[in-house]
Amino acid sequence: MLPETICLHAGYTPKNGDPAALPIYQSTTFRYDSTENIAKLFDLKDNGFFYSRLGNPTVDAVEQKIAALEGGVGAMCTSSGMAACVGIVLTLAKAGDHIVCSSAVYGGTFNLLAVSLKKIGIETTFIDQSASDEEISSAFRDNTKLFIGETLANPAMDVLDIERLAKIAHQHKVPFVVDNTFATPILCRPGDFGADIVFHATTKYMDGHAIQMGGVVVDIGSFDYAASGKFPDFVEPDESYHGTVYTRDFGKAAFIVKCRVQFMRDYGSCQTAQGAFYINLGLETLPLRIVQHSKNGLEIARMLAEHPKIESISYPALEHDPNHALCLKYLKDGMCSGVMSVVLKGGRAAGAKFIDSVKLCSPEVHVADIRSCVLHPASATHRQLTDAQLEACGIKPGTVRISVGIENIADIKEDILQALAQV
Ligand SMILES: *Cc1c(COP(=O)(O)O)cnc(C)c1O
């Protein structure tokens with residue numbers, strides 16, 4: 001099936017007389033006839049649901065749909081995008097281990113790695129993703145367990161050179177992990193270019209309507225944890241699961257099974273059935289929305305690129321953008337969503353004035369919403385970062401993130417122009 005069809009039909013196939021729409025299985029638990037049935041489920045010898053923290057039919061349908069969209073062997077929904085990122089890290093790394101991560105990642109991811117995981121003994125080296133192979137390679141250590149990047153960096157909008165960076169990760173025998181939130185699998189499938197694990201804040205374009213928090217981890221199934229030699233937890237018996245050996249018992253799905261039965265079992269950051277239902281509703285129209293966001297985004301970007309009050313704009317679909325070649329290589333038809341990063345002349349004050357002057361676009365700590373919204377990172381999402389850290393993330397005091405919605409383009413243009421007139 002092709003993406004538009006997957007969005008409507010994967011994960012749930014109604015049989016004769018079944019509900020046509022995905023039902024919400026609003027139940028924490030599932031009934032079985034015998035202890036033998038239940039024992040098999042607990043031993044991972046049988047597929048089935050027993051407790052909604054570990055699996056629920058509504059959530060499962062969405063997981064199958066997203067796995068199909070990304071071309072993965074399995075997926076696991078989480079309560080938020082941050083939980084998906086934590087789940088990946090804690091499935092691969094423990095105290096004493098090390099991560100390499102692009103510095104151009106979402107502020108929340110940066111903080112998780114730089115501060116919170118450091119407190120529990122997992123250290124991260126941040127690299128400039130445009131640095132040379134040699135320079136990036138030198139950040140890896142014997143105890144490095146994963147390399148993280150973002151397809152379209154939030155908010156700098158740098159495009160990740162997935163193929164090149166995946167090769168570097170693989171030379172160091174670790175999986176390449178890609179946050180594909182802004183691109184969505186409609187515009188880019190990182191697994192096609194060598195990424196081994198993909199994750200999303202489903203909170204953004206997948207939901208798309210700003211109604212449901214969520215995340216998802218997708219296992220592409222391409223990384224050989226046994227051959228790597230760096231992941232004893234994958235090849236030695238897991239005594240907390242009756243001696244399960246993930247690589248032996250689950251093959252290409254070793255990572256996602258381990259992520260579910262260890263991380264989700266113990267940390268419990270699960271998606272709900274109701275939440276998964278909303279995400280599914282969003283996914284059904286994702287291909288239409290992301291194309292319209294991208295079309296509107298390009299029109300606004302072209303207008304702003306010419307505007308006298310704009311110092312610079314990052315929107316990789318623009319021909320002169322330094323990321324344009326990468327955009328054409330990795331993103332479908334060179335489309336890059338509705339998100340752009342704009343630097344206003346006049347710094348911090350100009351950024352704040354613009355946010356305070358828009359009428360149609362809403363000032364929100366959100367992005368990738370069906371409605372146009374605007375944000376000033378230096379006074380919101382990235383306010384905990386120092387100026388130097390801000391700079392390392394590609395953000396200036398006057399940077400404004402604009403997330404172009406799918407309103408009529410004429411109305412969006414008018415609003416942005418009148419707000420700029422007041423700056
Ligand atoms: C929002 C976001 C996250 C975090 O997702 P939450 O659902 O807010 O926890 C991670 N990565 C990117 C790129 C995001 O935009």
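The exercises below work through the ligand site, the enclosed spaces, an aromatic pair and two backbone features of a predicted model.

In this model, local features need pLDDT of at least 70 and side-chain atom pairs count only at pLDDT 80 or more, while totals for chains, interfaces and linings use all residues. Residues are numbered from 1 along each chain as its sequence is written, and side-chain values use heavy atoms, with hydrogens and water left out.

**Exercise 1. The ligand site**

Describe which residues surround the ligand and which polar contacts they make with its oxygen atoms.

Step 1. Counting a residue as near if one of its heavy atoms lies within 4 Å of the molecule, one finds 14 residues around the ligand, with Gly-81, Asn-154, Asp-179, Thr-203 and Lys-204 coming nearest.

Step 2. This shell divides into five nonpolar, six polar and three charged residues, where Ala, Val, Leu, Ile, Met, Phe, Trp, Tyr, Cys and Pro count as nonpolar, Asp, Glu, Lys and Arg as charged, and the others, Gly among them, as polar.

Step 3. For polar contacts with the ligand (pairs of N or O atoms within 3.5 Å), a backbone N or O atom of Gly-81 lies 2.8 Å from a ligand oxygen, and a backbone N or O atom of Met-82 lies 2.9 Å from a ligand oxygen. From the side chain of Lys-204, an N or O atom is 2.6 Å from an oxygen atom of the ligand.

Step 4. On its own the ligand has 380 Å² of accessible area, of which the protein covers 95% (Shrake-Rupley method, 1.4 Å probe).

**Exercise 2. The largest cavity**

Determine how much space lies in the largest cavity and which residues line it.

Step 1. On a 1 Å grid over the protein atoms alone, a cavity is a set of points where a 1.4 Å probe fits but cannot get out, and lining residues have an atom within 4 Å of a point; the volume is the space filled by probe spheres set on the points, which are joined across faces, edges and corners.

Step 2. The structure holds one cavity of 30 Å³ or more, and about 60 Å³ of space lies in the largest cavity.

Step 3. Its lining comprises 13 residues, of which Ser-52, Arg-53, Val-59, Glu-63 and Arg-260 lie nearest the centre; the lining divides into six nonpolar, four polar and three charged residues.

**Exercise 3. An aromatic pair**

Classify the pair formed by Phe-110 and Phe-126.

Step 1. Rings of Phe, Tyr and Trp (its six-membered ring) pair if their centres lie within 6.5 Å, and planes under 30 degrees apart count as stacked, over 60 as edge-to-face and the rest as tilted; the structure holds 14 aromatic pairs.

Step 2. The ring centres of Phe-110 and Phe-126 are 4.3 Å apart and their planes stand at 25°, so the pair is stacked.

**Exercise 4. Backbone features**

Identify the geometry of the peptide bond from Asn-154 to Pro-155 and the sign of phi at Thr-184.

Step 1. Most residues other than glycine have a negative phi, and most peptide bonds are trans.

Step 2. The bond from Asn-154 to Pro-155 is cis, with omega near 5°.

Step 3. Thr-184, although not a glycine, has a positive phi of about 65°.

Notes: Polar contact = N/O pair within 3.5 Å; in protein donor to acceptor, adjacent residues only side chain to side chain. 1 Å grid on protein atoms, 1.4 Å probe; cavity = no way out; pocket = protein on both sides within 12 Å on 5 of 7 lines; lining within 4 Å.
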